[in-house]
Amino acid sequence: MPLREDGWYLARAFELADAAIGRVSPNPRVGAVLVKDGAVVGEGVHLGPGTAHAEAAAIAAAGEAARGATLYVTLEPCCHYGHTPPCTKSIIAAGVRRVVAPIQDPNPKVSGDGFQELLKAGIDVEVGLGAAQAAAQNAPYLHWRRTGRPYVTAKWALSLGGQSAARTGQSLYMTGAQARAEAHRLRATQDAVLVGIGTVLADDPQLTVRDAPGTSPLRVVLDSGGRLPPTARLLASEGRTIVYVGADVAADRLNALSDRAEVVPIGQGPMLPLAAVLEDLGRREVTSLLVEGGATVHGALFDQDLVDRVAVFVAPLVLGGEAAPPGVAGMGAESPTAGLRLEGGSWHILGEDAYFTATVERRSR
């Protein structure tokens with residue numbers, strides 16, 4: 001039976017897990033707190049592949065005080081050997097009396113077996129408290145485990161008239177400094193950032209993290225026709241780049257890019273098969289993907305129900321122009337009632353700009 005204090009200590013475990021954002025992929029973000037006689041005796045957080053898991057770190061911090069304690073952890077403890085030994089064995093050996101965790105780990109090597117191993121050892125296990133928060137905190141990891149594809153965040157900026165760029169196609173510096181810093185912070189939390197070739201040709205972006213702390217993600221370009229210039233700034237930036245091209249692109253175009261990026265032929269036609277691209281990225285252990293445009297790519301992703309979250313900046317700017325691109329192209333809805341209404345989102349003011357984020361409820365899957 002949950003205790004009144006369980007929520008307090010689990011909240012601290014979630015707080016610890018938040019410190020690992022952008023550092024642990026493809027592993028989940030996990031925090032752990034050990035409590036004995038009403039006092040915290042050990043805390044731990046997983047900081048990335050090859051480092052101690054949160055449970056093991058908390059047990060090491062507690063030492064002998066772990067015996068008879070309650071462990072609060074934000075995800076089911078692992079029960080298999082990987083880069084580190086199973087956490088269940090560490091928990092049992094430490095003499096922990098009770099484990100409180102919100103949800104199972106969908107990793108097929110765990111998926112309930114961790115809880116069962118603890119129960120068989122005589123440890124009390126309580127599951128369910130904080131489940132919604134745990135699902136939100138590890139949404140990219142959970143989505144990747146269940147679908148094999150990265151969790152897709154579609155991000156764009158809009159003028160007051162709904163244009164995502166000027167009539168020339170240029171979209172740089174629509175928003176102010178605070179909004180740009182937030183966009184870079186968002187990039188720093190992602191495994192990869194993706195753009196279409198139209199965005200590259202119009203803006204020549206670097207796709208790096210500059211106005212926020214953190215490392216630059218993997219860069220991904222959709223370029224069905226092999227038009228990416230070898231002089232593109234993103235090819236000269238730090239980190240890796242993958243360019244998906246049509247299978248019929250001439251060999252000399254592929255050779256011109258191969259020494260600056262990994263070139264992956266996939267599909268044919270004006271629009272590459274987005275589901276196949278996402279599946280390939282998933283096999284590369286990309287759990288989170290930020291799509292920064294352009295309108296054609298966003299439209300195709302929404303048309304195929306492949307967007308999991310939106311991040312939209314609205315600038316106090318009037319661009320106008322019938323030829324100016326919207327934020328999302330594609331087929332579009334037949335009427336407002338047929339559109340995708342995002343409920344439960346949140347608005348924030350960043351300087352002169354507005355920022356909207358929301359999770360997309362699945363329509364077809």
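V195 stands opposite V221, a residue of strand 8. The two strands involved are strand 7 (residues 192–196) and strand 8, which pair in the parallel sense over 5 bridges. Two strands count as paired if DSSP finds at least two bridges between them. Strands here are DSSP runs of E with at least two residues, helices are runs of H or I with at least four, and both are numbered from the N terminus.

This is a predicted model, in which local features need pLDDT of at least 70 and side-chain atom pairs count only at pLDDT 80 or more, while totals for chains, interfaces and linings use all residues. Residues are numbered from 1 along each chain as its sequence is written, and side-chain values use heavy atoms, with hydrogens and water left out.

Stay with strand 8 for a moment. Strand 8 covers residues 218–223, and 6 of its 6 residues are buried, so it is largely enclosed by the rest of the structure. Buried means under 20% relative accessible area, exposed means over 50%, and partly exposed lies in between (1.4 Å probe, protein chains only). In a regular strand the side chains alternate between the two faces of the sheet. In strand 8, L218, V220 and L222 point one way. R219, V221 and D223 point the other way, and these too are buried.

Now widen the view to the sheet. Strands 7 and 8 belong to an open sheet of 9 strands, with the order 10-9-8-7-11-6-12-14-13 and mixed pairing. Which strands stand at the edges? They are strand 10 (262–265) and strand 13 (346–350). Each has a single partner strand, so one side of each is left without a neighbour in the sheet. From one strand to the next, the twist averages 20 degrees.

At one edge, strand 13 is joined to strand 14 (residues 353–359) by 5 bridges, and the two run antiparallel. Within this pair, S346 stands opposite T357 of strand 14. Helix 7 (residues 177–188) packs on the sheet. This helix touches strand 6 (151–158), strand 11 (288–291), strand 12 (309–314), strand 13 and strand 14. Contact means heavy atoms within 4.5 Å. The direction of helix 7 makes about 160 degrees with that of strand 12. Such angles run from 0 to 180 degrees between N-to-C directions, with axes fitted to C-alpha atoms, for helices over the stretch in contact.

A second sheet comes next. Here 5 strands form an open sheet in the order 2-1-3-4-5, again with mixed pairing. Strand 2 (39–45) and strand 5 (124–127) are its edge strands, each pairing on one side only. Neighbouring strands of this sheet are turned by 15 degrees against each other on average, direction ignored. Helix 4 (residues 113–120) lies across strand 4 (98–101) and strand 5, running at about 150 degrees to strand 5.

Strand 1 (residues 31–36) has partners on both sides, strand 2 and strand 3. Strand 1 and strand 2 run antiparallel, joined by 6 bridges. They form a hairpin with 2 residues between them, and D37 in the turn has a positive phi of about 55 degrees. Across this hairpin, A32 stands opposite G44, and L34 stands opposite G42. Strand 3 (residues 70–73) also pairs with strand 1 in the antiparallel sense, over 4 bridges. There the bridge partner of A32 is V73. Strand 1 is mostly covered, with 5 of its 6 residues buried.

Is G31, in strand 1, buried or exposed? At 0% relative accessibility, G31 counts as buried. Its C-alpha atom is separated by 4.6 Å from that of A13, 18 residues apart along the chain. Not counting residues up to four places away in sequence, G31 touches several others, among them A13, L16, G44 and V73.

Another buried residue sits in helix 11 (residues 274–283): D280, with a relative accessible area of 13%. A polar contact of 2.6 Å joins the side chains of D280 and Y244. A polar contact is a pair of N or O atoms within 3.5 Å; within protein, one must be able to donate a hydrogen and the other to accept it, and residues adjacent in sequence count only if both atoms are side-chain atoms.

Last, the whole chain. Its secondary structure comes to 12 helices and 14 strands. Along its principal axes the C-alpha trace spans about 70 × 45 × 35 Å. Of the 365 residues, 50% count as buried.
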